Amino acid sequence: MMLRPGYPLSQESFPIDILLDDIVLTHSLFLPTEKFLQELHQYFVRAGGMEGPEGLGRKQACLAMLLHFLDTYQGLLQEEEGAGHIIKDLYLLIMKDESLYQGLREDTLRLHQLVETVELKIPEENQPPSKQVKPLFRHFRRIDSCLQTRVAFRGSDEIFCRVYMPDHSYVTIRSRLSASVQDILGSVTEKLQYSEEPAGREDSLILVAVSSSGEKVLLQPTEDCVFTALGINSHLFACTRDSYEALVPLPEEIQVSPGDTEIHRVEPEDVANHLTAFHWELFRCVHELEFVDYVFHGERGRRETANLELLLQRCSEVTHWVATEVLLCEAPGKRAQLLKKFIKIAALCKQNQDLLSFYAVVMGLDNAAVSRLRLTWEKLPGKFKNLFRKFENLTDPCRNHKSYREVISKMKPPVIPFVPLILKDLTFLHEGSKTLVDGLVNIEKLHSVAEKVRTIRKYRSRPLCLDMEASPHHLQTKAYVRQFQVIDNQNLLFELSYKLEANSQ
(Lines give C-alpha, C1' and ligand atoms only; values in the text may rest on other atoms or scores of the structure.)
Protein backbone atom coordinates (compact mmCIF):
# COMPACT_ATOMS: atom_id res chain seq x y z
CA MET A 1 0.00 0.00 0.00
CA MET A 2 1.90 3.09 1.18
CA LEU A 3 4.38 1.89 3.77
CA ARG A 4 7.54 1.39 1.75
CA PRO A 5 8.24 1.91 -1.93
CA GLY A 6 8.22 -1.47 -3.62
CA TYR A 7 6.15 -3.23 -0.95
CA PRO A 8 4.47 -5.85 -3.18
CA LEU A 9 0.86 -5.60 -2.02
CA SER A 10 -0.69 -7.03 -5.15
CA GLN A 11 1.17 -10.30 -5.35
CA GLU A 12 -1.08 -13.08 -6.60
CA SER A 13 0.38 -15.44 -4.02
CA PHE A 14 -1.33 -13.56 -1.16
CA PRO A 15 -5.07 -12.69 -1.21
CA ILE A 16 -5.66 -9.06 -0.23
CA ASP A 17 -7.41 -9.91 3.06
CA ILE A 18 -4.50 -12.13 4.13
CA LEU A 19 -2.01 -9.48 3.05
CA LEU A 20 -3.89 -6.85 5.04
CA ASP A 21 -3.75 -9.06 8.14
CA ASP A 22 -0.04 -9.75 7.54
CA ILE A 23 0.74 -6.02 7.52
CA VAL A 24 -1.28 -5.21 10.63
CA LEU A 25 0.18 -8.14 12.61
CA THR A 26 3.82 -7.52 11.62
CA HIS A 27 4.19 -3.82 10.83
CA SER A 28 6.21 -3.19 14.02
CA LEU A 29 9.04 -5.23 12.50
CA PHE A 30 9.74 -2.42 10.05
CA LEU A 31 7.64 0.58 11.10
CA PRO A 32 6.64 1.79 14.63
CA THR A 33 2.90 2.06 15.29
CA GLU A 34 2.80 5.85 15.38
CA LYS A 35 4.81 6.14 12.15
CA PHE A 36 2.62 3.47 10.55
CA LEU A 37 -0.51 5.50 11.33
CA GLN A 38 1.12 8.73 10.18
CA GLU A 39 1.87 7.09 6.83
CA LEU A 40 -1.74 5.92 6.59
CA HIS A 41 -2.97 9.42 7.41
CA GLN A 42 -0.70 11.00 4.78
CA TYR A 43 -1.77 8.43 2.20
CA PHE A 44 -5.41 9.37 2.76
CA VAL A 45 -4.62 13.08 2.47
CA ARG A 46 -2.76 12.50 -0.81
CA ALA A 47 -5.67 10.46 -2.13
CA GLY A 48 -7.87 13.51 -1.56
CA GLY A 49 -6.02 15.31 -4.36
CA MET A 50 -6.76 12.58 -6.88
CA GLU A 51 -9.79 12.55 -9.13
CA GLY A 52 -11.99 9.66 -10.12
CA PRO A 53 -11.85 5.97 -9.19
CA GLU A 54 -8.14 5.96 -8.21
CA GLY A 55 -8.60 8.52 -5.43
CA LEU A 56 -11.75 6.80 -4.20
CA GLY A 57 -10.06 3.40 -4.28
CA ARG A 58 -7.19 4.66 -2.16
CA LYS A 59 -9.53 6.20 0.38
CA GLN A 60 -11.47 2.96 0.61
CA ALA A 61 -8.18 1.10 1.09
CA CYS A 62 -7.36 3.44 3.99
CA LEU A 63 -10.75 2.72 5.51
CA ALA A 64 -10.13 -1.04 5.23
CA MET A 65 -6.66 -0.73 6.76
CA LEU A 66 -7.80 1.40 9.70
CA LEU A 67 -10.73 -0.92 10.38
CA HIS A 68 -8.48 -3.97 10.47
CA PHE A 69 -5.90 -2.16 12.59
CA LEU A 70 -8.45 -1.13 15.23
CA ASP A 71 -10.08 -4.56 15.20
CA THR A 72 -6.72 -6.23 15.81
CA TYR A 73 -5.20 -3.87 18.37
CA GLN A 74 -8.25 -3.02 20.49
CA GLY A 75 -7.12 -2.56 24.11
CA LEU A 76 -3.43 -2.26 23.26
CA LEU A 77 -4.16 1.26 22.00
CA GLN A 78 -4.81 2.38 25.58
CA GLU A 79 -1.05 2.74 25.91
CA GLU A 80 -0.52 4.61 22.63
CA GLU A 81 -1.29 8.27 23.31
CA GLY A 82 0.28 9.51 20.06
CA ALA A 83 -1.45 6.79 18.07
CA GLY A 84 -4.77 7.77 19.62
CA HIS A 85 -4.51 11.32 18.33
CA ILE A 86 -3.64 10.17 14.80
CA ILE A 87 -6.52 7.67 14.74
CA LYS A 88 -9.00 10.34 15.83
CA ASP A 89 -7.72 12.74 13.13
CA LEU A 90 -7.86 10.06 10.43
CA TYR A 91 -11.32 8.99 11.55
CA LEU A 92 -12.60 12.56 11.21
CA LEU A 93 -11.08 12.83 7.72
CA ILE A 94 -12.72 9.58 6.62
CA MET A 95 -16.13 10.46 8.07
CA LYS A 96 -15.94 13.89 6.39
CA ASP A 97 -16.09 12.05 3.06
CA GLU A 98 -18.72 9.58 4.28
CA SER A 99 -20.85 10.23 1.19
CA LEU A 100 -18.13 8.57 -0.92
CA TYR A 101 -18.60 5.22 0.79
CA GLN A 102 -22.26 4.49 0.07
CA GLY A 103 -21.37 0.93 -0.84
CA LEU A 104 -19.36 0.58 2.37
CA ARG A 105 -22.00 1.72 4.83
CA GLU A 106 -21.41 -1.24 7.14
CA ASP A 107 -17.68 -0.48 7.20
CA THR A 108 -18.16 3.15 8.19
CA LEU A 109 -20.60 2.14 10.93
CA ARG A 110 -18.09 -0.43 12.16
CA LEU A 111 -15.35 2.22 12.15
CA HIS A 112 -17.52 4.55 14.21
CA GLN A 113 -18.22 1.78 16.73
CA LEU A 114 -14.55 0.84 17.02
CA VAL A 115 -13.37 4.41 17.55
CA GLU A 116 -16.04 4.78 20.24
CA THR A 117 -15.27 1.50 22.02
CA VAL A 118 -11.47 1.33 21.79
CA GLU A 119 -10.19 3.12 24.90
CA LEU A 120 -7.65 5.54 23.45
CA LYS A 121 -5.37 7.15 26.02
CA ILE A 122 -6.05 10.81 25.18
CA PRO A 123 -5.89 13.05 28.26
CA GLU A 124 -9.11 14.92 28.96
CA GLU A 125 -9.92 17.54 31.56
CA ASN A 126 -11.62 16.33 34.73
CA GLN A 127 -10.83 12.73 33.82
CA PRO A 128 -11.49 10.66 36.99
CA PRO A 129 -8.48 8.59 38.11
CA SER A 130 -10.44 5.35 38.52
CA LYS A 131 -7.96 2.50 38.36
CA GLN A 132 -8.54 -0.91 39.89
CA VAL A 133 -5.44 -2.48 41.42
CA LYS A 134 -4.84 -5.89 39.83
CA PRO A 135 -3.14 -8.84 41.53
CA LEU A 136 -0.17 -10.58 39.96
CA PHE A 137 0.39 -14.31 40.60
CA ARG A 138 2.42 -14.26 43.72
CA HIS A 139 1.50 -10.97 45.35
CA PHE A 140 -0.06 -11.34 48.78
CA ARG A 141 -1.46 -14.84 48.14
CA ARG A 142 -5.02 -13.77 48.85
CA ILE A 143 -7.71 -16.39 48.24
CA ASP A 144 -10.23 -13.83 46.95
CA SER A 145 -7.70 -12.52 44.42
CA CYS A 146 -6.62 -15.88 43.09
CA LEU A 147 -10.23 -17.02 42.59
CA GLN A 148 -11.08 -14.04 40.40
CA THR A 149 -11.20 -14.56 36.65
CA ARG A 150 -7.95 -13.33 35.15
CA VAL A 151 -8.11 -10.27 32.94
CA ALA A 152 -5.47 -8.88 30.59
CA PHE A 153 -2.81 -6.55 31.99
CA ARG A 154 -1.85 -3.27 30.39
CA GLY A 155 1.17 -1.11 31.16
CA SER A 156 -0.92 1.58 32.86
CA ASP A 157 -2.57 -0.92 35.24
CA GLU A 158 -1.67 -0.55 38.88
CA ILE A 159 -0.49 -3.26 41.24
CA PHE A 160 0.64 -3.49 44.85
CA CYS A 161 4.22 -4.63 45.32
CA ARG A 162 6.48 -5.27 48.26
CA VAL A 163 10.02 -3.95 48.04
CA TYR A 164 12.35 -5.44 50.63
CA MET A 165 15.29 -4.01 52.55
CA PRO A 166 18.52 -5.90 53.37
CA ASP A 167 17.13 -6.82 56.81
CA HIS A 168 14.01 -8.29 55.11
CA SER A 169 11.69 -5.57 56.31
CA TYR A 170 9.65 -4.15 53.46
CA VAL A 171 7.55 -1.28 52.19
CA THR A 172 4.40 -1.77 50.14
CA ILE A 173 4.02 0.52 47.15
CA ARG A 174 1.31 1.02 44.59
CA SER A 175 2.83 1.17 41.13
CA ARG A 176 2.02 1.07 37.43
CA LEU A 177 2.94 -2.22 35.83
CA SER A 178 5.09 -0.34 33.31
CA ALA A 179 6.84 1.76 35.96
CA SER A 180 10.56 2.30 35.53
CA VAL A 181 13.09 1.30 38.17
CA GLN A 182 13.58 5.00 38.86
CA ASP A 183 9.83 5.41 39.50
CA ILE A 184 9.79 2.43 41.85
CA LEU A 185 12.75 3.75 43.83
CA GLY A 186 11.03 7.14 44.01
CA SER A 187 7.97 5.50 45.59
CA VAL A 188 10.14 3.52 48.00
CA THR A 189 12.04 6.65 49.02
CA GLU A 190 8.78 8.49 49.64
CA LYS A 191 7.52 5.65 51.84
CA LEU A 192 10.74 5.52 53.83
CA GLN A 193 10.67 9.27 54.48
CA TYR A 194 7.37 8.84 56.31
CA SER A 195 8.47 5.79 58.24
CA GLU A 196 10.44 5.61 61.44
CA GLU A 197 13.45 4.16 59.69
CA PRO A 198 16.89 5.64 60.42
CA ALA A 199 17.66 8.79 58.47
CA GLY A 200 19.73 8.30 55.35
CA ARG A 201 18.64 4.71 54.79
CA GLU A 202 16.85 5.72 51.62
CA ASP A 203 19.76 7.71 50.16
CA SER A 204 21.23 6.57 46.84
CA LEU A 205 19.09 3.46 46.65
CA ILE A 206 19.49 0.84 43.97
CA LEU A 207 16.93 -1.82 42.98
CA VAL A 208 18.00 -5.46 42.91
CA ALA A 209 16.12 -8.62 41.93
CA VAL A 210 17.15 -11.47 44.26
CA SER A 211 16.18 -15.06 43.42
CA SER A 212 15.66 -17.88 45.91
CA SER A 213 19.06 -19.31 44.90
CA GLY A 214 20.75 -16.05 45.94
CA GLU A 215 21.43 -14.82 42.41
CA LYS A 216 21.31 -11.01 42.26
CA VAL A 217 20.51 -8.79 39.27
CA LEU A 218 21.10 -5.06 39.55
CA LEU A 219 18.30 -3.28 37.68
CA GLN A 220 19.18 -0.14 35.73
CA PRO A 221 17.18 3.08 36.44
CA THR A 222 15.71 3.22 32.93
CA GLU A 223 14.46 -0.39 32.90
CA ASP A 224 10.70 -0.72 33.04
CA CYS A 225 8.05 -3.42 33.46
CA VAL A 226 10.27 -5.33 35.89
CA PHE A 227 7.42 -6.96 37.82
CA THR A 228 6.45 -9.54 35.20
CA ALA A 229 10.10 -10.32 34.42
CA LEU A 230 10.84 -11.52 37.97
CA GLY A 231 11.41 -15.22 38.58
CA ILE A 232 8.92 -17.37 40.48
CA ASN A 233 10.41 -16.80 43.92
CA SER A 234 12.37 -13.64 43.15
CA HIS A 235 11.87 -10.42 45.09
CA LEU A 236 12.79 -6.78 44.67
CA PHE A 237 15.25 -5.32 47.16
CA ALA A 238 16.11 -1.64 47.62
CA CYS A 239 19.49 -1.02 49.17
CA THR A 240 22.58 1.15 48.98
CA ARG A 241 25.54 0.02 46.87
CA ASP A 242 27.47 -0.71 50.04
CA SER A 243 24.93 -3.32 51.14
CA TYR A 244 24.51 -4.98 47.72
CA GLU A 245 26.87 -7.88 48.44
CA ALA A 246 25.16 -8.60 51.77
CA LEU A 247 21.72 -9.25 50.18
CA VAL A 248 20.40 -12.73 50.83
CA PRO A 249 17.13 -14.36 49.72
CA LEU A 250 14.05 -14.26 51.90
CA PRO A 251 13.46 -17.31 54.08
CA GLU A 252 11.82 -20.04 52.02
CA GLU A 253 8.11 -19.35 51.52
CA ILE A 254 7.18 -22.97 52.07
CA GLN A 255 7.97 -25.51 54.73
CA VAL A 256 10.72 -27.70 53.33
CA SER A 257 10.13 -30.44 55.89
CA PRO A 258 8.44 -33.55 54.48
CA GLY A 259 4.74 -34.05 54.97
CA ASP A 260 1.40 -34.47 53.26
CA THR A 261 0.26 -31.48 51.22
CA GLU A 262 -2.96 -30.68 49.38
CA ILE A 263 -1.94 -32.75 46.33
CA HIS A 264 -2.49 -35.98 48.33
CA ARG A 265 -6.11 -35.02 49.06
CA VAL A 266 -7.35 -33.99 45.62
CA GLU A 267 -8.47 -36.07 42.66
CA PRO A 268 -6.39 -36.01 39.45
CA GLU A 269 -9.49 -35.05 37.42
CA ASP A 270 -10.13 -31.99 39.58
CA VAL A 271 -6.51 -30.85 39.42
CA ALA A 272 -6.30 -31.33 35.64
CA ASN A 273 -9.56 -29.48 35.02
CA HIS A 274 -8.56 -26.56 37.21
CA LEU A 275 -5.15 -26.38 35.57
CA THR A 276 -6.80 -26.26 32.15
CA ALA A 277 -9.39 -23.68 33.21
CA PHE A 278 -6.77 -21.37 34.74
CA HIS A 279 -4.33 -21.69 31.85
CA TRP A 280 -7.13 -21.01 29.38
CA GLU A 281 -7.86 -17.76 31.24
CA LEU A 282 -4.18 -16.82 31.08
CA PHE A 283 -3.85 -17.82 27.42
CA ARG A 284 -6.94 -15.79 26.51
CA CYS A 285 -5.40 -12.72 28.17
CA VAL A 286 -2.36 -12.82 25.87
CA HIS A 287 -2.91 -10.54 22.87
CA GLU A 288 -1.67 -12.19 19.68
CA LEU A 289 0.61 -9.20 19.05
CA GLU A 290 2.46 -9.91 22.30
CA PHE A 291 4.05 -12.90 20.58
CA VAL A 292 5.45 -10.63 17.86
CA ASP A 293 6.67 -8.01 20.36
CA TYR A 294 8.25 -10.61 22.65
CA VAL A 295 10.40 -12.07 19.87
CA PHE A 296 10.99 -9.05 17.66
CA HIS A 297 11.27 -6.41 20.40
CA GLY A 298 8.82 -4.00 18.79
CA GLU A 299 8.65 -0.39 19.90
CA ARG A 300 6.03 -1.20 22.55
CA GLY A 301 8.62 -3.30 24.36
CA ARG A 302 7.90 -5.44 27.43
CA ARG A 303 5.03 -3.21 28.47
CA GLU A 304 2.81 -5.08 26.03
CA THR A 305 4.14 -8.58 26.71
CA ALA A 306 3.16 -8.72 30.39
CA ASN A 307 0.43 -11.32 29.87
CA LEU A 308 2.71 -13.56 27.81
CA GLU A 309 5.46 -13.30 30.43
CA LEU A 310 3.00 -14.27 33.17
CA LEU A 311 1.91 -17.31 31.15
CA LEU A 312 5.53 -18.37 30.64
CA GLN A 313 6.17 -17.84 34.36
CA ARG A 314 3.19 -20.04 35.14
CA CYS A 315 4.52 -22.82 32.91
CA SER A 316 7.77 -22.76 34.89
CA GLU A 317 5.79 -22.65 38.13
CA VAL A 318 3.84 -25.81 37.27
CA THR A 319 7.06 -27.62 36.36
CA HIS A 320 8.63 -26.73 39.73
CA TRP A 321 5.38 -27.55 41.54
CA VAL A 322 5.52 -31.16 40.33
CA ALA A 323 9.14 -31.56 41.43
CA THR A 324 8.47 -29.83 44.76
CA GLU A 325 5.51 -32.04 45.66
CA VAL A 326 7.36 -35.26 44.81
CA LEU A 327 10.49 -34.30 46.72
CA LEU A 328 8.56 -33.19 49.82
CA CYS A 329 6.93 -36.63 50.05
CA GLU A 330 9.01 -38.73 52.45
CA ALA A 331 7.38 -42.16 52.30
CA PRO A 332 8.52 -44.17 49.24
CA GLY A 333 5.10 -45.78 48.73
CA LYS A 334 3.28 -42.46 48.86
CA ARG A 335 5.90 -40.94 46.60
CA ALA A 336 5.28 -43.64 43.99
CA GLN A 337 1.55 -42.99 44.27
CA LEU A 338 2.27 -39.32 43.70
CA LEU A 339 4.19 -40.10 40.50
CA LYS A 340 1.20 -42.14 39.39
CA LYS A 341 -1.14 -39.23 40.18
CA PHE A 342 0.96 -36.74 38.21
CA ILE A 343 1.06 -39.07 35.20
CA LYS A 344 -2.75 -39.28 35.41
CA ILE A 345 -2.93 -35.47 35.58
CA ALA A 346 -0.71 -35.20 32.50
CA ALA A 347 -2.94 -37.65 30.63
CA LEU A 348 -6.08 -35.73 31.58
CA CYS A 349 -4.53 -32.40 30.57
CA LYS A 350 -3.66 -33.90 27.18
CA GLN A 351 -7.26 -35.11 26.94
CA ASN A 352 -8.40 -31.55 27.72
CA GLN A 353 -6.12 -30.36 24.87
CA ASP A 354 -4.16 -28.37 27.42
CA LEU A 355 -0.70 -29.09 26.08
CA LEU A 356 0.87 -26.33 28.16
CA SER A 357 -0.03 -28.12 31.41
CA PHE A 358 0.79 -31.49 29.87
CA TYR A 359 4.29 -30.36 28.91
CA ALA A 360 4.89 -28.65 32.27
CA VAL A 361 3.88 -31.73 34.28
CA VAL A 362 6.02 -34.06 32.15
CA MET A 363 9.01 -31.70 32.43
CA GLY A 364 8.50 -31.60 36.21
CA LEU A 365 8.68 -35.40 36.39
CA ASP A 366 11.75 -35.27 34.14
CA ASN A 367 13.51 -32.87 36.50
CA ALA A 368 16.90 -34.45 37.28
CA ALA A 369 16.19 -34.32 41.02
CA VAL A 370 13.03 -36.41 40.46
CA SER A 371 14.15 -38.73 37.65
CA ARG A 372 17.14 -39.91 39.72
CA LEU A 373 14.81 -41.45 42.36
CA ARG A 374 15.31 -44.98 40.97
CA LEU A 375 13.74 -46.81 43.95
CA THR A 376 10.62 -44.67 43.72
CA TRP A 377 10.19 -45.15 39.96
CA GLU A 378 10.64 -48.91 40.38
CA LYS A 379 7.51 -49.00 42.56
CA LEU A 380 5.45 -47.53 39.72
CA PRO A 381 3.15 -50.05 37.95
CA GLY A 382 4.34 -51.06 34.48
CA LYS A 383 1.26 -49.52 32.86
CA PHE A 384 2.19 -46.08 34.15
CA LYS A 385 5.87 -46.49 33.29
CA ASN A 386 4.88 -47.21 29.69
CA LEU A 387 2.43 -44.32 29.62
CA PHE A 388 5.09 -41.92 30.88
CA ARG A 389 7.54 -43.14 28.22
CA LYS A 390 4.92 -42.26 25.60
CA PHE A 391 4.58 -38.81 27.15
CA GLU A 392 8.35 -38.34 27.06
CA ASN A 393 8.35 -39.28 23.38
CA LEU A 394 5.61 -36.74 22.72
CA THR A 395 7.62 -33.97 24.38
CA ASP A 396 10.88 -35.06 22.73
CA PRO A 397 12.36 -32.11 20.79
CA CYS A 398 13.91 -34.41 18.16
CA ARG A 399 13.15 -33.64 14.50
CA ASN A 400 11.84 -30.22 15.46
CA HIS A 401 9.24 -31.56 17.92
CA LYS A 402 7.73 -33.79 15.22
CA SER A 403 5.61 -35.89 17.61
CA TYR A 404 4.11 -32.85 19.32
CA ARG A 405 3.36 -31.13 16.00
CA GLU A 406 1.59 -34.21 14.67
CA VAL A 407 -0.61 -34.42 17.77
CA ILE A 408 -1.58 -30.74 17.92
CA SER A 409 -2.29 -30.61 14.16
CA LYS A 410 -5.14 -33.08 14.70
CA MET A 411 -6.72 -31.09 17.54
CA LYS A 412 -9.67 -28.80 16.99
CA PRO A 413 -10.12 -25.63 19.08
CA PRO A 414 -10.13 -24.85 21.93
CA VAL A 415 -6.46 -25.78 22.36
CA ILE A 416 -3.85 -24.50 24.80
CA PRO A 417 -0.53 -24.99 22.96
CA PHE A 418 2.91 -25.31 24.48
CA VAL A 419 3.60 -21.58 24.14
CA PRO A 420 7.43 -21.67 24.40
CA LEU A 421 7.52 -23.66 21.14
CA ILE A 422 5.55 -20.92 19.34
CA LEU A 423 8.14 -18.40 20.51
CA LYS A 424 10.92 -20.72 19.35
CA ASP A 425 9.33 -20.93 15.89
CA LEU A 426 8.97 -17.15 15.68
CA THR A 427 12.60 -16.70 16.73
CA PHE A 428 13.69 -19.10 13.98
CA LEU A 429 11.68 -17.11 11.42
CA HIS A 430 13.22 -13.89 12.67
CA GLU A 431 16.81 -15.07 12.67
CA GLY A 432 16.49 -17.10 9.48
CA SER A 433 15.77 -14.22 7.10
CA LYS A 434 16.08 -10.46 6.84
CA THR A 435 13.12 -8.13 7.36
CA LEU A 436 14.37 -5.73 4.67
CA VAL A 437 15.98 -6.84 1.41
CA ASP A 438 17.51 -4.09 -0.75
CA GLY A 439 15.46 -1.56 1.18
CA LEU A 440 12.18 -3.38 0.49
CA VAL A 441 10.08 -5.26 3.03
CA ASN A 442 10.49 -9.05 2.87
CA ILE A 443 6.86 -9.99 2.45
CA GLU A 444 7.55 -13.74 2.62
CA LYS A 445 9.01 -13.34 6.12
CA LEU A 446 6.12 -11.17 7.25
CA HIS A 447 3.62 -13.68 5.89
CA SER A 448 5.35 -16.59 7.68
CA VAL A 449 5.34 -14.67 10.98
CA ALA A 450 1.68 -13.72 10.57
CA GLU A 451 0.73 -17.31 9.72
CA LYS A 452 2.30 -18.48 12.98
CA VAL A 453 0.39 -15.79 14.91
CA ARG A 454 -2.85 -16.82 13.19
CA THR A 455 -2.48 -20.33 14.63
CA ILE A 456 -2.96 -18.73 18.07
CA ARG A 457 -6.15 -17.13 16.78
CA LYS A 458 -7.33 -20.56 15.57
CA TYR A 459 -6.60 -22.26 18.92
CA ARG A 460 -8.80 -19.70 20.69
CA SER A 461 -11.60 -19.57 18.11
CA ARG A 462 -13.98 -21.59 20.30
CA PRO A 463 -14.71 -21.23 24.02
CA LEU A 464 -13.49 -23.74 26.57
CA CYS A 465 -16.27 -25.68 28.28
CA LEU A 466 -15.39 -27.80 31.29
CA ASP A 467 -17.97 -29.38 33.58
CA MET A 468 -16.88 -28.46 37.11
CA GLU A 469 -19.20 -28.40 40.08
CA ALA A 470 -19.46 -25.36 42.34
CA SER A 471 -18.84 -26.56 45.89
CA PRO A 472 -16.59 -25.67 48.85
CA HIS A 473 -14.30 -28.54 47.85
CA HIS A 474 -14.22 -27.22 44.29
CA LEU A 475 -13.21 -23.75 45.50
CA GLN A 476 -10.51 -25.20 47.74
CA THR A 477 -9.00 -27.12 44.83
CA LYS A 478 -9.28 -24.07 42.61
CA ALA A 479 -7.41 -21.94 45.16
CA TYR A 480 -4.72 -24.61 45.55
CA VAL A 481 -4.13 -24.88 41.80
CA ARG A 482 -3.98 -21.11 41.31
CA GLN A 483 -1.46 -20.33 44.04
CA PHE A 484 1.14 -23.08 44.09
CA GLN A 485 3.97 -22.77 46.57
CA VAL A 486 7.08 -24.13 44.94
CA ILE A 487 10.83 -24.52 45.31
CA ASP A 488 12.54 -23.13 42.23
CA ASN A 489 16.08 -23.52 43.60
CA GLN A 490 17.52 -26.56 41.81
CA ASN A 491 20.27 -27.00 44.40
CA LEU A 492 17.67 -27.25 47.15
CA LEU A 493 15.66 -29.74 45.08
CA PHE A 494 18.76 -31.92 44.74
CA GLU A 495 19.39 -31.71 48.48
CA LEU A 496 15.87 -33.02 49.12
CA SER A 497 16.35 -35.72 46.49
CA TYR A 498 19.56 -37.03 48.03
CA LYS A 499 17.96 -37.11 51.47
CA LEU A 500 15.23 -39.34 50.04
CA GLU A 501 17.50 -41.67 48.07
CA ALA A 502 21.17 -41.08 48.68
CA ASN A 503 22.50 -43.85 46.44
CA SER A 504 20.17 -43.69 43.43
CA GLN A 505 21.80 -43.53 40.06
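Contact is defined here as heavy atoms within 4.5 Å. The structure is a predicted model, in which local features need pLDDT of at least 70 and side-chain atom pairs count only at pLDDT 80 or more, whereas totals for chains, interfaces and linings use all residues. Residues are numbered from 1 along each chain as its sequence is written, and side-chain values use heavy atoms, with hydrogens and water left out.

By this criterion, Phe291 touches Phe283, Val286, Leu308, Val419, Ile422, Leu423, Leu426 and Ile456, residues up to four places away in sequence not being counted. Apart from the largest nonpolar core lies another of 25 residues, including Ile173, Ala209, Phe227 and Leu230; a nonpolar core is a set of buried Ala, Val, Leu, Ile, Met, Phe, Trp, Tyr and Cys residues joined through side-chain atoms within 4.5 Å. Buried denotes under 20% relative accessible area, exposed over 50%, and partly exposed in between (1.4 Å probe, protein chains only).

Across the whole structure, 15 aromatic pairs are found. Rings of Phe, Tyr and Trp (its six-membered ring) pair if their centres lie within 6.5 Å; planes under 30 degrees apart count as stacked, over 60 as edge-to-face and the rest as tilted. Phe69 and Tyr73 constitute a stacked pair, at 4.3 Å centre to centre with 20° between the planes. Phe69 is buried, with a relative accessible area of 0%, and Tyr73 is likewise buried, at 1%. Phe358 and Tyr359 are both buried, and together with Phe391, Tyr404 and Phe418 they form one aromatic cluster.
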